[in-house]
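Here is a short report on how two parts of one chain meet. Look at the structure first, then read on.

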Amino acid sequence: MTESTSLQKKRAAWRIRIEPHLNEPPPWYPVLVSIGALIIALILGGILILVAGGDPIRSYQHIAKAAFGNVGVLSDTIVKATPILLAALACSVAFRMKLWNIGAEGQFIMGAFGASAIILTPILPAETPRWIFIPVMMMAGMAAGAVWGFIPGYLKAKFNVNEIISTLMLNYVAIAWINFWIFGVWTEGGFQMTAKFPENSWLPRLLDYAETFPVFRGLTTHFGLVIGILAAIVLWLIVYRSRWGYEIRLIGDNPHAAQYAGINIMRNTIWVMMLSGALAGLGGMSEVTGVVHRLQTSPVAAGYGFTGIIVAWLAKLNPLVIILVSILFGGLILAGREIQPSGVPKMIQGIILVCLIASDFLLRYRISIERGEE
Amino acid sequence: MNTSKTAPDPSLVVEMRGIVKRFPGVLANDHVDFELRHGEIHGLLGENGAGKSTLMNVLAGMYRQEAGIILVNGEPKNFSSPRDAINFGIGMVHQHFMLVPSQTVTENVLLGLDDPRFFLRLPDYDLKIAELGERFGLKVDPRAKIWQLSVGEQQRVEILKMLYRGVDVLIMDEPTAVLAPQEIEGLFVTLRAMVAQGKSVIFISHKLQEVSAIADRVTVLRRGVVTAAGVASKGVSRQELARLMVGRDVIFAVDKKPCQPGEIVLDVRDVHADNDKGLPALRGLSLNVRAGEIVGLAGVAGNGQSELSQVISGMRECKQGKVTLGGDTVSNRTTLFGIQHGMAYVPEDRTHVGSAPNLSITDNVIMKKYRKAPISNRGLLDMKVAAKLANELKQAYDIVVPNVSTPVRLLSGGNLQRVILAREISGLPSFMVAVQPTRGLDVGAIEGVHRLLLSQREAGAAVLLVSEELEELLSLSDRVYVIYEGKIMGEVAIGGEVPDENLVETIGQMMTGTPLEQIRKEGVASHD
Ligand SMILES: Nc1ncnc2c1ncn2[C@@H]1O[C@H](COP(=O)(O)OP(=O)(O)OP(=O)(O)O)[C@@H](O)[C@H]1O
Ligand SMILES: [Mg+2]
């Protein structure tokens, strides 16, 4: 008895208590918390830079300059953001239905493969005009991604196979698959890459118009950005304004209620996984025809599908918010490349991520520190 | 006001003074005073959305009040979490339980406590908990896993959890809504044992006869304001309580026109089905419902009523036999088929089946209409039309919320039920199966639902009403079937007049498993 009371006394000094939020937070609260998290992340990063003997203000200036400082780097940031955007859109629609598709990476790779196959098989001759090439490759990329989404979707719907595992595994299959084609069939003289695509299959870039608009000189922002933004808008309309999107939201919120409302969950599982795969595939197509211009493993399988998971989550699955978050991430990745030696942007990227994810906790729980009585 | 200057009354264990709690657009508690004496059962009444749960959540530390103070044993206390409340001796049993299904009763009771810290000596605790249960008449096996328990038993575990934490004040939010009649009696025994041992109980209910039976005093809330504060329950009539709750006279008797049944709409023939655990729940059940009549299905909960409604609506496999709706087979078809053929279904489980908690009221009311014009327009949804519909239903069905974009998870129990009823009835169904449609509703709302069901009948719809309230069945139905262990024990017609004693007696016997023929035979035999 006495033992337990003394124990209590010792513990009663300061206590941190974590409890679920009971009152509905007002709508501005999540925004405020996210901004707060960002600021805290920057401060923490600054402290670390200081400890490491650097000047935080200058480092941040440097990073900001490297990512958003002038039209040139801004354009590069956008180039980095484009594949992330499409991959994040892909994840968001699946997550909306609580389908944990972590295979956007594989679907992205397959999309790149599908688009490349049009050129390399060749399905269309090299001299095909651009306005035919691009739509056909978009279709092919989406179709290949959709197939990669269909497989886990079908397995989930028919045999209740856990989609987390199947989509994860299919990522590795996709890499092995393109490696086979790159090394074996389409290899460029034994190198680990295919031949360069003909220029009329490339997505138009701003620098293509530098003759008429001199400001565009050297800007590599390509048509994929337009595709991505259009995809985000269309996805927003699908999710919030269409019959299908209503079904997706209903299933995601309460599958029993969806069944009660007469919605076919199995069919939707397959369709949503295919849509998700198609969006990721479109990302792969955009990357391979807009940036890489040949099929090659490392720049295509660069983890965009995984970054997309985080971006979708941080954007609370809202397609329009995903655009903004993707650009932020594109900037951080770019800054990471630009001033690589210091490794600072990578670290800041990590800190921001941890802070944003931790702030999600704040949205759901209330943390209070108080002095224990008695 | 100068509330804090009044001297504390030693007979009071809890005193709430001037409590104000606001939600966006609603003043849920408007300067509410509430007093609880030592050793009393205090009934808390009020219509849906009156603010009862809110007030009690404040007392249990779940919400923090915006104004007002709480005194426990005469001392002002600050509540900032349920844990605080429990430390001050106040615990609450919520309507939806918070138990871990895969763990035993003992483990659930101990969950979240600091003691035992590392080593669970479960058998010792099993014993302790069994003793505690014994003391308060709470029969439950400490070693049983939660999922094996009935709803009534789970409730006992929730009460045990609170008693184990040593609370002196137990708040029960609509405890009887989930219980079968025998279980209610058991709960009352427990509550009386608790007050006999010096504890106090706050009892929220919509059922006036229950409150009169169990409570010593009653407090009534209406729209966040106290309309009767701690009046002795012996002194007030049911009529008076009802008026205090809804602010007008409530007509308990329903005004029912003579029945003019038409064709058979729903025909259930020799249906067999399993329950969730794979055990037979329906064993050769047959019944029918004609156009323009309300057919009641009486029975103690868990005798296959839920499974029957699921088979009819296409949500559960029919192993044998079939169900037809207006001549078309609906069993083992998709749920959509039933919906498209004019079937409405008010499910028993509002939150898990009948609604999508995080979606708005608008999204919830279009659940069965979003496929068709005017809401659907070439695959797109016209959200303006949908919002207009939602607003109309909000008006017509008296759904109390600031606006229709509120997620339904924030609605009070009664308002959620109205949303579901509004959705189902507004589809102009030719057949409706309603499972416990008035559960958790206040008297005024029940009257409203009864009127809605009767208007369906007058409009020529066939209605199958599943209920555990015999009174409700007898006043609304034209015929009543009695179900027992998945079979129909018999069918009785209800006259327009007051049902006689015999009928109630007969139905009661059928509910406990005596088939009608046998009752008739024995009845005849005893008269000889
Ligand atoms: N978390 C919340 N956020 C917003 N509004 C709320 C919240 N909780 C309750 N309300 C609103 O406050 C009012 C009072 O609700 P409360 O749950 O206390 O009613 P009640 O008396 O318990 O009703 P019922 O008998 O239907 O359970 C209702 O209008 C309800 O919609
Ligand atoms: Mg309530």
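## Where the two domains meet

In this predicted model, 22 residues of domain 1 of chain B are in contact with 17 residues of domain 2 of chain B. In domain 1 of chain B, Asn48(B), Ala177(B) and His206(B) lose the most area to domain 2 of chain B. Together they make up 34% of what that side buries.

The domain assignment places domain 1 of chain B at 12-246 and domain 2 at 264-522. Their C-alpha centres lie 30 Å apart.

## Buried area

The size of an interface is often given as the accessible area lost when the parts come together. Between domain 1 and domain 2 of chain B, the buried area is about 1,300 Å². Carbon and sulfur atoms give 55% of that area.

## Polar links and helices

The count between domain 1 and domain 2 of chain B is 2 salt bridges. The rule also finds 4 residue pairs in polar contact across this interface, with both residues at pLDDT 80 or more.

Three helices of chain B each give two or more residues to the domain 1 side: H6 (181-196), H7 (208-214) and H8 (238-246). H8(B) gives the most, with 4 residues. By class, the domain 1 side has 11 nonpolar, 7 polar and 4 charged residues.

## Confidence

Chain B averages a pLDDT of 88, and 94% of its residues score at least 70. Over residues 1-5 of chain B, the pLDDT is below 50. Beyond near neighbours in sequence, that stretch has 3 contacts in the model. For the complex, the predictor gives an ipTM of 0.83 and a pTM of 0.81.

Notes. Residues numbered from 1 in each chain as written. Chains lettered and ligands numbered in written order. Predicted model: local features only at pLDDT ≥ 70, side-chain atom pairs only at ≥ 80, totals over all residues. Heavy atoms only, no water. pLDDT = per-residue confidence, 0-100. Contact = heavy atoms within 4.5 Å. Domains from an automatic or database assignment. Buried area = accessible area lost by both parts, 1.4 Å probe. Salt bridge = Lys/Arg side-chain N within 4 Å of Asp/Glu carboxyl O. Polar contact = N/O pair within 3.5 Å; in protein donor to acceptor, adjacent residues only side chain to side chain. Nonpolar A, V, L, I, M, F, W, Y, C, P; charged D, E, K, R; others polar.
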